[in-house]
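Student: Please put the chain on the screen. I would like to work through it by question and answer.

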Amino acid sequence: YPIRVIHGVSMAFHSTASNAIVASSTTSENRGEIMGLFGISRAVAFGIGPILGSFTLDMWGHKTVFIVAAVVGLAAMILAKFGGECSEVEIETNRAALKEFLQDRTLIFVTVAMFLLTLAHGGLTTFIPIHVKERMAGNLGTFYLVYSLSITLVEIFAGKASDRQCRMPIALSSVVLLGVGFVAVGGVAGMPTLILAAVIYGAGFGGFQVAIGAFVADQTNDENRGKVFSIFYASYDLGIALSGVVMGAIAAGVGLSGMFYLSSIVVLPSILLLMFAPREGVREAFACGWLGETRPEVRHAGGSL
């Protein structure tokens, strides 16, 4: 448990700092594209990691797996050290940022939506190995590979699309895909359906991740972006932390397929929260994408927080 705590804390630091650095290194005009390209690194790693881990485990055992992971982590630390930041801003951390965040309807709504979707997402990533084995649907590595490829392709195009149009229509479309993806995973019955589920769910997750990250960045300024991201991505970490317990309890009652089907329900409150999130009103959640609006002040209406 102490080792797991250290791991969780380090991942929380990394997700907050890395996303804030990348967001601050861009402008609102190309933020979606750059954050999409940055997200590809996670998708590729998610596809390669399980394959590399399985190969190392079969060849040399558990101990070597963790040695390899440690070496990879050391290499990442070195790269981060030499990467540096584009700007240095001296800011005193205080409680005012949290108070301002809690008073900002836009950020609260997207944060709660992130938590709900991550809660279901964590259940999927935790229990899909058992589900695939029970359904005899083929090699689990195939799911992860197709899933990561789907995320990679979608993040490239979704990032650019959110820059040209609006973040929120991309996010809403992606949430709908996530809902369909949960149902598809629940109905997996063989390799073809496993691949289809990986494509749909990967597309939804990739599009949402890029669009919502860029949207939150648009609502902040450079001085407070790190603070806001720390609270926003804490909802992701909290969702992952609780997912095993919550979704496991649901699975114990209705089975794994039923759990995946029920996971799609979180899409409904998430869509409502995202629809009401933009400061300009509900219509602006659809205007610049689905309704054809292209006014610059609507595309990336930034906040002062």
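## Helices, core and single residues

Tutor: Start with I212, which contacts V110, M114, A171, F232 and L274 once neighbours within four places in sequence are set aside. Keep in mind that this is a predicted model.

Student: Which residues have the most contacts inside the largest nonpolar core?

Tutor: That core has 59 residues. I212 is one of those with the most contacts inside it. The full set is V110, L124, F143, M168, F208, I212 and L274.

Student: Which helix gives the most to this core?

Tutor: At least two core residues come from each of α1 (2-24), α2, α5 (105-135), α6 (140-164), α7 (167-186), α8 (191-218), α9 (225-263) and α10 (267-275). One of these helices supplies 13 residues, the most given to this core. That helix is α8.

Student: How many helices and strands are there in the protein chain?

Tutor: Read along the sequence, the pattern is α-α-α-α-α-α-α-α-α-α-α. The count for the protein chain is therefore 11 helices and 0 strands.

Student: What share of the contacts with a separation of 6 or more comes from residues 24 or more positions apart?

Tutor: One pair far apart along the chain is A20 and D222, at 202 residues, with C-alpha atoms separated by 8.8 Å. A20 lies in helix α1 and is in contact with R225, G226 and F229, leaving aside neighbours within four places in sequence. Over the protein chain, residues 24 or more positions apart account for 80% of the contacts with a separation of 6 or more.

Student: Is A20 buried or exposed?

Tutor: The cut-off for buried is under 20% relative accessible area. A20 has a relative accessible area of 9%, so A20 is buried.

Student: What is the distance between the end C-alpha atoms of α2, and why does the value agree with the expected span?

Tutor: Helix α2 has 30 residues, 31-60, and at 1.5 Å a residue these should span 44 Å. There is a bend of about 25° at I48, with the proline P50 following within four residues. The end C-alpha atoms agree with the expected span because they are apart by 42 Å.

Student: What span does α9 have between its end C-alpha atoms?

Tutor: A straight helix of 39 residues would span 57 Å at 1.5 Å a residue. In α9 there is a kink of about 120°, centred on V254. Between its end C-alpha atoms, α9 spans only 31 Å.

Student: Which residue accepts the side-chain contact of S243?

Tutor: S243 has its place in helix α9 and counts as buried at 2% relative accessibility. Beyond four places in sequence, S243 is in contact with L119, G122, G123, T126 and G248. Its side chain reaches a backbone oxygen at 2.8 Å, and that oxygen belongs to I240.

Student: What is the distance from the backbone oxygen of M114 to a polar atom of the side chain of T118?

Tutor: T118 is found in helix α5 and counts as buried at 3% relative accessibility. Leaving aside neighbours within four places in sequence, T118 is in contact with Y236, G239 and I240. The distance from the backbone oxygen of M114 to the side-chain polar atom of T118 is 2.6 Å.

Student: What separates the C-alpha atoms of F260 and G179?

Tutor: F260 is in helix α9, and at 0% relative accessibility F260 counts as buried. Among the residues that F260 touches, not counting those up to four places away in sequence, are F182, V183, V185 and G186. F260 and G179 are 81 residues apart along the chain, and their C-alpha atoms are separated by 9.6 Å.

Student: Why is α7 described as largely enclosed by the rest of the structure?

Tutor: α7 has 20 residues and reaches 29 Å from its first C-alpha to its last, close to the 28 Å expected at 1.5 Å a residue. α7 is largely enclosed because, of its 20 residues, the number buried is 14.

Student: What percentage of the accessible surface belongs to carbon and sulfur atoms?

Tutor: Buried residues make up 43% of the 305 residues in the protein chain. The accessible surface of the chain comes to about 15500 Å². The part belonging to carbon and sulfur atoms is 70%.

Methods:
Residues are numbered from 1 along each chain as its sequence is written. Side-chain values use heavy atoms; hydrogens and water are left out. The expected span of a helix is 1.5 Å times one less than its number of residues. The bend at a residue is the angle between axes fitted to the seven residues ending there and the seven starting there. Buried means under 20% relative accessible area, exposed over 50%, partly exposed in between (1.4 Å probe, protein chains only). Contact means heavy atoms within 4.5 Å. Accessible areas come from the Shrake-Rupley method with a 1.4 Å probe; for residues, only the protein chains shown count as cover. A nonpolar core is a set of buried Ala, Val, Leu, Ile, Met, Phe, Trp, Tyr and Cys residues joined through side-chain atoms within 4.5 Å. A polar contact is a pair of N or O atoms within 3.5 Å; within protein, one must be able to donate a hydrogen and the other to accept it, and residues adjacent in sequence count only if both atoms are side-chain atoms.
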